[in-house]
Amino acid sequence: MAKAVTVFTCTACGAVHKKWAGQCDACGEWNTIVEEAPLSSGPGKTALGAAKGRGMALSDLASAEPEPPRRSSGLAELDRVLGGGLVPASATLVGGDPGIGKSTLLLQAAASFAAQGAKVVYISGEEATAQVRLRANRLGLGEARVKLAAETGLRDILTTLDAERPDLAIIDSIQTIWLDTIEAAPGSVSQVRGAAQELVTFAKRRGVAVMLVGHVTKEGQIAGPRVVEHMVDTVLYFEGERGHQFRILRSVKNRFGPADEIGVFEMTGAGLAEVPNPSALFLSGRDAPAPGSVVFAGIEGTRPVLVEIQALVAPSSLSQPRRAVVGWDGGRLAMILAVLEARVGITFQGFDVYLNIAGGMRITEPAADLAVAGALLSAREDAALPPHCVLFGELSLSGALRPVTQAENRLKEARKLGFSSAIVAEGCKTGDGAGLDLQEMPDIARFVGEVFGAA
Ligand code: TYD
Ligand code: MG
């Protein structure tokens, strides 16, 4: 047998290093590298595996077998993020910060799947069954036909699931599950990876859909969900600000549907409520047009979403003025500031710049460039943009504005929510522009000239 060598693994991304270091050069995180017992790969070590290789039955790619139907959860927001319902024999990871509401979401999903006739088993490694029951009662799901267990040993869990053969098994959380063949503490990279691998294999072989909860960990000895992302079919992240009631379920990987789809929920006293029209929610409570506030017509997955982008530009006494961003990429902000300075001569030197996406939303689309630039300029010039106006367009380093995808959907959503005009990159107009008063801009200089007067 090969000599076992100790390895050093990053708890954030799972990268393996030969020696310890303060920073992981794979993901850039600090203080996440820990010493790990090597993954045992000896024969007969896994719970399901056989000691010796055996012949496999091969099947044709072309097959007349109909696809097994997806199971609807009864929660439209969850179904959408899953790509149209839960796929049988699939493995799904639901990651998120501790306390964000993962257990609440999955307990509601469990009850909802059960109400649709699915056989559901919920295994909690963190709470006693009495606690889960208490939560279910609080959520008004006390009567749900979900089977519960509080267990952390994977061997017992797999044996039980094998006997029960549910349609869906929920494991909350993967970091509490341990495998007796791995000599490492529960939550360590090898345990999390080993347990996830067994559960994924089980899901495929026995036709059980498995959903795993994974806590995002900032640092320390507990392995984060990224360590198992590559093993599962679908990766969902449950996001939101603690102080906000909005929660966004985002698919970052989906073998059975589109990624980047979002489902929006609201955390209430009685659990999570679905938000079928997120634009209205993100814009609600918006004041009269103010300098620095701009509405961006975005696309999240397959759905248009309007969000408010807020900027504040204030004189700074610091030699290195502040650049603070919430919900948008800091590097992209720096780029937009540089383009504004180089192409239209508006400088932000000597000013602190704060940029915030309202409602705890996070935007990754470059289509928001024009809206971000608009918010920054509006704050800098202390001039509000026209009321009832949405913006979108991608900004290139030359200062040119590029058209973006799904312009018509964006405009339609704006129209639906009572907006009357739009300022967009040239080439975005299709048909009658959804009935909005449309201004197309070829570049940022024209935008500044027409919207803020000659700058
Ligand atoms: P939880 O699902 O336990 O989070 P996680 O499993 O991601 O760690 O959610 C915990 C938070 O949710 C807790 O701070 C209280 C809040 N909450 C509500 O606001 N309403 C509710 O009905 C429930 C059950 C929880
Ligand atoms: Mg929990």
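Domain bounds here come from an automatic or database domain assignment. Keep in mind, too, that this is a predicted model.

**Exercise 1. Find out how the chain is divided into domains, and what distance separates the centres of domain 1 and domain 3.**

Step 1. Start with the bounds: domain 1 covers 1-39, domain 2 covers 76-276 and domain 3 covers 281-452.

Step 2. Now take the centres over C-alpha atoms: those of domain 1 and domain 3 are 42 Å apart.

**Exercise 2. Work out which residues come nearest to ligand 1 and which polar contacts the ligand has with Lys102, Thr104 and Thr268.**

Step 1. Look around the ligand. There are 17 residues around ligand 1, and the ones that come nearest are Gly99, Lys102, Ser103, Thr104 and Gly271.

Step 2. Recall the cut-off: a polar contact is a pair of N or O atoms within 3.5 Å.

Step 3. Check the ligand's oxygen atoms. One lies 2.8 Å from a backbone N or O atom of Lys102. In the side chain of Thr104, an N or O atom is 2.6 Å from an oxygen atom of ligand 1.

Step 4. Turn to nitrogen: a nitrogen atom of ligand 1 sits 2.8 Å from a backbone N or O atom of Thr268.

Step 5. Finish with the cover. On its own, ligand 1 has 560 Å² of accessible area, and the protein covers 73% of that.

**Exercise 3. Describe the shell around ligand 1 by element and by residue class.**

Step 1. List the elements that give two or more residues: helix 2 (102-115), helix 3 (129-138) and strand 11 (262-268).

Step 2. Pick out the largest share, which is the three residues from helix 2.

Step 3. Sort the shell by class, and you get eight polar, five nonpolar and four charged residues.

**Exercise 4. Classify the two aromatic pairs of the structure, and decide whether their residues are buried or exposed.**

Step 1. You will need one cut-off for the geometry: ring planes over 60 degrees apart count as edge-to-face.

Step 2. Take Phe238 and Phe265. Their ring centres are 6.1 Å apart and their planes stand at 75°, so this pair is edge-to-face.

Step 3. Place that pair along the chain. Phe238 belongs to strand 9 (residues 234-239) and Phe265 to strand 11; at 27 residues apart, they link distant parts of the chain.

Step 4. Do the same for Phe447 and Phe452: with ring centres 6.1 Å apart and planes at 80°, this pair is edge-to-face.

Step 5. Last comes accessibility, where buried means under 20% relative accessible area. Phe238 and Phe265 are both buried, and both Phe447 and Phe452 are buried too.

Definitions and conventions: Residues numbered from 1 in each chain as written. Chains lettered and ligands numbered in written order. Predicted model: local features only at pLDDT ≥ 70, side-chain atom pairs only at ≥ 80, totals over all residues. Heavy atoms only, no water. Near = heavy atom within 4 Å. Polar contact = N/O pair within 3.5 Å; in protein donor to acceptor, adjacent residues only side chain to side chain. Areas by Shrake-Rupley, 256 points an atom, 1.4 Å probe, with all protein chains shown as cover. Helix = DSSP H or I, 4+ residues; strand = E, 2+ residues; numbered from the N terminus. Nonpolar A, V, L, I, M, F, W, Y, C, P; charged D, E, K, R; others polar. Phe/Tyr/Trp six-rings, centres within 6.5 Å; stacked < 30°, edge-to-face > 60°. Buried < 20%, exposed > 50% of the residue type's maximum accessible area, 1.4 Å probe, protein only.
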